[in-house]
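Please load the model in your viewer and switch to a cartoon representation, keeping the side chains hidden until a stop on the tour calls for them. Each stop names a selection and then says what is to be found there.

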Amino acid sequence: MTAAESPCAAMVLAAGRGLRMRPLTEHTAKALLPLGGRALLDHVLDRLAAAGGERAVVNAHWRADEVARHLAARGGSPSVILRPETELLDTGGAVRAAVARGDLGPAPFYVVNADAFWLDGPRPALRRLADEFDPLK
């Protein structure tokens with residue numbers, strides 16, 4: 001996949017209840033926990049934008065209202081579609097629902113956990129991932 005064909009959309013999984021991170025997540029969504037003074041979710045969205053991502057679908061369940069306020073105040077790229085879940089759909093269900101609604105478009109897309117943090121090397125990790133993608137494998 002070339003840079004011109006790199007995914008422009010991503011599913012960002014942020015609906016978990018953060019049980020393993022208690023007590024930090026008792027009053028904060030895990031995706032909004034700070035790392036280096038910024039929310040984990042912001043780190044992920046910034047890396048998606050740097051890799052050419054134009055649109056991110058973010059699901060939310062635990063403290064979804066808090067995630068919604070954070071995203072509304074964020075602005076910038078990528079554009080975000082928030083999909084609150086009244087009942088947890090889990091990873092496969094959330095992606096399936098986003099695909100069924102057409103939120104992710106027809107092309108390949110990234111699936112990223114909102115609480116993931118990684119350091120890029122000389123080439124961004126998401127670009128390297130897209131370059132290695134082969135739909136025939």
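Begin with helix 3, in what is a predicted model, and show the side chains of G93, A94, V95, A97 and A98, which are the residues buried in this helix. The buried residues of helix 3 pack against strand 1, strand 4 and strand 6, while the helix as a whole, residues 90-101, lies across strand 1, strand 4, strand 5 and strand 6 and runs at about 145° to strand 1. If you check the length of helix 3, its end C-alpha atoms are 17 Å apart, which agrees with the 16 Å that its 12 residues should span at 1.5 Å a residue. Just after helix 3 comes G102, with a positive phi near 80°.

Next, select D103, which lies in the loop between helix 3 and strand 6. Is D103 buried or exposed? Its relative accessibility is 7%, and D103 therefore counts as buried, the cut-off being under 20%. With side chains displayed, you will find a polar contact of 2.8 Å between the side chains of D103 and R83. Apart from neighbours within four places in sequence, the residues in contact with D103 are R55, V57, I81, R83 and A98.

Now hide the side chains and turn to the sheet, which is open and is formed by four strands in the order 5-4-1-6, with parallel pairing. Strand 5 (79-84) and strand 6 (110-113) stand at the edges, and because each has a single partner strand, one side of each is left without a neighbour in the sheet. From one strand to the next, the twist averages 20°. Zoom in on strand 1, residues 9-14, which runs parallel to strand 6 and is joined to that strand by four bridges; here L13 stands opposite N113 of strand 6. Helix 2, residues 64-74, also packs on the sheet, where it touches strand 4 (55-60) and strand 5, and the direction of helix 2 makes about 170° with that of strand 5.

The loops on either side of helix 2 merit a stop of their own, with the backbone shown as sticks. As background, most residues other than glycine have a negative phi, and most peptide bonds are trans. Select R63, in the loop between strand 4 and helix 2, where phi is near 60°, a positive value in a residue other than glycine. R63 counts as partly exposed because its relative accessibility is 30%. Then move to P78, whose place is in the loop between helix 2 and strand 5; the peptide bond that joins S77 and P78 is cis, with omega at about -5°.

For the next stop, select helix 1, residues 40-50, which is mostly covered, eight of its 11 residues being buried. The buried residues of helix 1 are L40, L41, D42, H43, V44, L45, R47 and L48. Helix 1 is followed by G52, where phi is again positive, near 95°.

With helix 1 still selected, add V12, V58, V67 and Y110 to the display: together with L41, L45 and L48, these have the most contacts inside the largest nonpolar core, which has 24 residues. At least two residues of this core are supplied by each of strand 1, helix 1, strand 4, helix 2, strand 6 and helix 4, and the largest share, four residues, comes from helix 1. Centre the view on V67, which, leaving aside neighbours within four places in sequence, is in contact with A29, L32, L41, V58, A60 and L82. A second, separate core has eight residues, among them A9, V57, A94 and A98.

The last selection is D115, which is found in the loop between strand 6 and helix 4 (125-132). What does its 32% relative accessibility make of D115? At that value, D115 counts as partly exposed. The side chains of D115 and K30 are joined by a polar contact of 2.8 Å, and beyond neighbours within four places in sequence, D115 is in contact with K30 and L40. To return towards the start of the tour, draw a line from the C-alpha of D115 to that of A100: the two residues are 15 residues apart in sequence and 25 Å apart in space.

Definitions and conventions. Residues numbered from 1 in each chain as written. Predicted model: local features only at pLDDT ≥ 70, side-chain atom pairs only at ≥ 80, totals over all residues. Heavy atoms only, no water. Pairing = 2+ DSSP bridges. Axes fitted to C-alpha atoms, helices over the stretch in contact; angles between N-to-C directions. Contact = heavy atoms within 4.5 Å. Buried < 20%, exposed > 50% of the residue type's maximum accessible area, 1.4 Å probe, protein only. Polar contact = N/O pair within 3.5 Å; in protein donor to acceptor, adjacent residues only side chain to side chain. Expected span 1.5 Å × (residues − 1). Core = buried A, V, L, I, M, F, W, Y, C linked by side-chain atoms within 4.5 Å.
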